[in-house]
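Q: Please take a close look at the central sheet of this model. Describe its strands, the elements that connect or cover them, and the loops beside them, in one connected account.

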Amino acid sequence: MLKMFSTQLAGLFKRLQEKEEFTIEDSARLLAQAAAGDGKIYFYGTKEMSGIGYEATQSQEPLRDAAIWENDDEISETDRFIIFSRNSDDEEAIELAKKLANKEIPFVAVSTEKADSSDNLANLADVHIDLKLTKGLLPDEEGNRFGYPASMAALFVYYGIKFTIEEILAEYE
């Protein structure tokens, strides 16, 4: 089972790398604006996706100028946001996205796009990265799917953005 999961996960990472390469670069450019200036790169994640912010701020190699956004944090026009959620129709993530859009604060959203939802992150974000994770990776005996690694996919995307931000900032230093 682990070997099959590993194979499927490798395929997911390959799809993300191939299909989202340009949006990852666009995301990094947008977020690097904060790090190059006086802003912060705020991370916000719903449910299991909140762990991505901790990786960005408290890991062995934290992202420069990254912070986990708390509701009472003061936001300035030099700040940038990245919102992580399992799906693009997550109400909590959409609520924050609308606030940011109203304040004209640029932001990136990372989630699996739900096309059937009119109110979603993909429509609100300046850049949206689709995790392309519509069902679990493994089949069970009844034909259902399980093994839904949303946070692993989001962490993969985060590292793609982080490495690109670091390359961008190295050019300006």
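A: The account begins at strand 5, where V127 and I129 point one way and H128 and D130 the other way, and all are buried. Buried here means under 20% relative accessible area, exposed means over 50%, and partly exposed lies in between, with a 1.4 Å probe and protein chains only. Helices (H or I, at least four residues) and strands (E, at least two) are DSSP runs, numbered from the N terminus. This is a predicted model, in which local features need pLDDT of at least 70 and side-chain atom pairs count only at pLDDT 80 or more, whereas totals for chains, interfaces and linings use all residues. Residues are numbered from 1 along each chain as its sequence is written, and side-chain values use heavy atoms, with hydrogens and water left out.

Strand 5 belongs to an open sheet of five strands with parallel pairing and the order 2-1-3-4-5. Two strands pair if DSSP finds at least two bridges between them. Strand 2 (66-68) and strand 5 (127-130) are the edge strands, each pairing on one side only. On average, and with direction ignored, neighbouring strands of this sheet are turned by 20 degrees against each other. Such angles run from 0 to 180 degrees between N-to-C directions, and the axes are lines fitted to C-alpha atoms, for helices over the stretch in contact.

From strand 5 the sheet continues to strand 4, and four bridges join these two parallel strands. Across this pairing, V108 stands opposite V127 in strand 5. T112 is also found in strand 4 and counts as buried at 2% relative accessibility. Leaving aside neighbours within four places in sequence, T112 is in contact (heavy atoms within 4.5 Å) with S85, R86, N87, S88, D130, L131, K132, L133, T134 and Y148.

On to strand 3: five bridges join strand 3 to strand 4 (residues 107-112), and the two run parallel. F84 has V110 as its bridge partner in strand 4. Between these strands, the chain crosses from strand 3 through helix 4 (residues 91-102) to strand 4, in a right-handed β-α-β crossover. A crossover is right-handed if, with the strands pointing away from the viewer, the path from the first strand over the helix to the second runs clockwise. In the same sheet region, I83 stands opposite A109 in strand 4. Helix 2 (residues 21-36) packs on the sheet and touches strand 1, strand 3, strand 4 and strand 5, its direction making about 135 degrees with that of strand 5. Seven of the eight residues of strand 3 (residues 80-87) are buried, so this strand is largely enclosed by the rest of the structure.

Strand 3 also pairs with strand 1 (residues 41-45), in the parallel sense and over five bridges. There, F84 in strand 3 is the bridge partner of G45. Strand 1 is mostly covered, as five of its five residues are buried. I41, F43 and G45 point one way from this strand and Y42 and Y44 the other way. Three bridges pair strand 1 with strand 2 in the parallel sense, and I41 has A66 as its bridge partner in strand 2. Here the chain crosses from strand 1 through helix 3 to strand 2, and this β-α-β crossover is right-handed as well.

Helix 3 (residues 51-58) in turn packs against helix 6 (residues 150-172): their axes come within 10 Å and cross at roughly 35 degrees. Helix 3 passes helix 6 in a right-handed crossing; a crossing is left-handed if the near helix is turned anticlockwise from the far one by less than a right angle, and right-handed if clockwise. I52, E55 and A56 in helix 3 meet S151, A154, L155, Y158 and Y159 in helix 6. These contact residues divide into six nonpolar, one polar and one charged. In this count Ala, Val, Leu, Ile, Met, Phe, Trp, Tyr, Cys and Pro are nonpolar, Asp, Glu, Lys and Arg are charged, and the others, Gly among them, are polar.

Two loop residues complete the account. Most residues other than glycine have a negative phi. K47, in the loop between strand 1 and helix 3, has a positive phi of about 50 degrees although it is not a glycine. K47 is exposed, with a relative accessible area of 53%. E104, in the loop between helix 4 and strand 4, has a positive phi of about 60 degrees and is likewise not a glycine. E104 is exposed, with a relative accessible area of 69%.
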